[in-house]
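Got the viewer open? Switch to a cartoon view and keep the selection box handy, and we'll walk through the fold stop by stop.

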Amino acid sequence: MQRPARIAVIGVGIVGASVGWNLSRHGAEVVFIDAGQPGEGVTNWSFSWVNASNKTVRRSYFDLNVAGMAAHRELAGIIGPDSWWYPSGHLRWADTPAAQAKFLETAELLAAWDYRVETYTGAEVRSRLEPSLTMPDETPVVFYPDEAWVHGRHLVRRLVDQAVASGAEIRSGNAVHAIGTGADGTIRTVALSDGSRIDVDIVVNAAGPNASHVAGLVARRLPMRREPGVITRVDCARVPVHRVMHAPHIEIRPDGGGSVVLHSREVDALIDTGEAPGQLARLLHELARHAVPELGDARITQTRVVERPIPADGFPSVGAVPSVPGYYEAVSHSGITLGPVIGRLLASEILGGKRDELLADFRPERFPL
């Protein structure tokens, strides 16, 4: 009887955890490897918004993200939704005519693509959904009821714990130093920073911002963008918001307990100007206070600047690399939305050879060696 494939999953954020969980539940022998701790990297420092409304640049990318949303709902039914899954919808509004016209145009496109969209006035939003917001009564606000936010760290822990209970192994605090291949070019070993060497049949590169380095260990060129982002958490005596929202100049969402997460692409643009993280956090807090005055009394508790794992053309790189037998990539921005669907599709490809059409535009071979 042939033994199950032994598969090293390098990087245990939401994407790696989803791949490993799917592999493990279908009988593969999984070894999770992470230079830090599972779920504590980019996954824990993401805005963690599950959506397809911000993914309209290419129809195939939109479709993949819609599938990602459905995969989250399916996953919540399998492992239970508590502590990680918050399907409370998403609000968006703007404070300039140009920005307003842009998001309303996108909403029309999404409605034509059968994506659920609801439109309210500012007064209606305060009355029905978010009483703590400040905005003019007649401001148009778009609501996407099927969108959600995820507590990424909790979800990763749930997936990894279940995989370990099914026999998976985990090597935390270990960077990958080398990937060995046989005379025929197939994957054979992974060498770790603690000096150990693991015999494997397959490697999945889910290393996020470090994916290009891991790819280089098998002489593979994976070009990545440099796109840092800053996330701040603030603590509140009472959390005044109930869902993800894109207010003018600031993104806000609850984070469980008494915490709120803040992000802004406008503030991200200041990272390379030399502003200290503490100053960036204060800017985020000030922007949030204008949208939700109650947040003015919140206390900044955590701020982190991280690199987003974005392949050079802005789209995921998922699947086998034909030139390196046994090597697969699972590298993507929007990992929170896409993690569960990438995990399911890639596990199916690894174990059964099935290449799903949802990934046709996102294959690694589009990047030349």
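What follows is a tour of two sheets, a few helix contacts and one aromatic pair. Keep in mind that this is a predicted model.

**Stop 1: the six-stranded sheet**

Start by colouring the strands β9, β2, β1, β13, β20 and β19, in that order: together they make an open sheet of six strands with mixed pairing. Which strands sit at the edges? Select 169-172 for β9 and 317-320 for β19; each of these edge strands pairs on one side only. If you look along the sheet, neighbouring strands are turned against each other by 20 degrees on average, ignoring direction.

Now zoom in on the β19 end. Add residues 327-331, which are β20; β19 and β20 pair in the antiparallel sense over four bridges. For a spot to put labels, try V318, which stands opposite A330 in β20.

**Stop 2: the helix across the sheet**

Next, select residues 14-25. This is helix α1, and it lies across β1 (6-10), β2 (29-34), β13 (202-205) and β20. Against β2, α1 runs at about 165 degrees.

Keep α1 on screen, since the next two stops use it again.

**Stop 3: α1 and α9**

Add residues 335-352 to bring up helix α9; the axes of α1 and α9 come within 7 Å and cross at roughly 35 degrees. The crossing is right-handed. Show side chains here: on the α1 side, I14, V15, S18, V19, N22 and L23 take part, and they meet a set of α9 residues including G335, I336, G339, P340, G343 and R344. How does this contact divide by residue class? Between α1 and α9 there are 11 nonpolar residues, five polar and one charged.

**Stop 4: α1 and α5**

Swap α9 for helix α5, residues 152-165. With α1 it packs at an angle of about 25 degrees, the axes being 9 Å apart, so α1 and α5 are roughly parallel to each other. This crossing is left-handed. To see what touches, pick I14, A17, S18, G20, W21 and S24 in α1, then L155, V156, L159, V160, Q162 and A163 in α5. The contact of α1 with α5 has eight nonpolar residues, four polar and no charged ones.

**Stop 5: α5 and α2**

Hold on to α5 and add helix α2, residues 59-79; their axes come within 12 Å and cross at roughly 55 degrees. That angle makes α2 oblique to α5. The handedness of the crossing is left-handed. In sticks, H72, L75 and I79 of α2 meet L155, R158, L159 and Q162 of α5. By class, the contact of α2 with α5 counts four nonpolar, two polar and one charged.

**Stop 6: an aromatic pair on α2**

The whole structure holds nine aromatic pairs. One of them is F62 with Y115, an edge-to-face arrangement with 5.6 Å between centres and 65 degrees between planes. Where in the chain do F62 and Y115 sit? F62 is in helix α2, while Y115 is in the loop between α3 (97-112) and β6 (118-121), 53 residues apart.

**Stop 7: the three-stranded sheet**

Last, select β3, β8 and β4, an open sheet in that order with antiparallel pairing. β3 (49-50) and β4 (85-86) stand at its edges with a single partner strand each, so one side of each has no neighbour in the sheet. β4 and β8 (residues 148-150) pair over two bridges; to finish, label W85 and its bridge partner in β8, V150.

Key: Residues numbered from 1 in each chain as written. Predicted model: local features only at pLDDT ≥ 70, side-chain atom pairs only at ≥ 80, totals over all residues. Heavy atoms only, no water. Pairing = 2+ DSSP bridges. Axes fitted to C-alpha atoms, helices over the stretch in contact; angles between N-to-C directions. Contact = heavy atoms within 4.5 Å. Parallel < 35°, antiparallel > 145°, perpendicular 65-115°, else oblique. Left-handed = near helix turned anticlockwise from the far one by under 90°. Nonpolar A, V, L, I, M, F, W, Y, C, P; charged D, E, K, R; others polar. Phe/Tyr/Trp six-rings, centres within 6.5 Å; stacked < 30°, edge-to-face > 60°.
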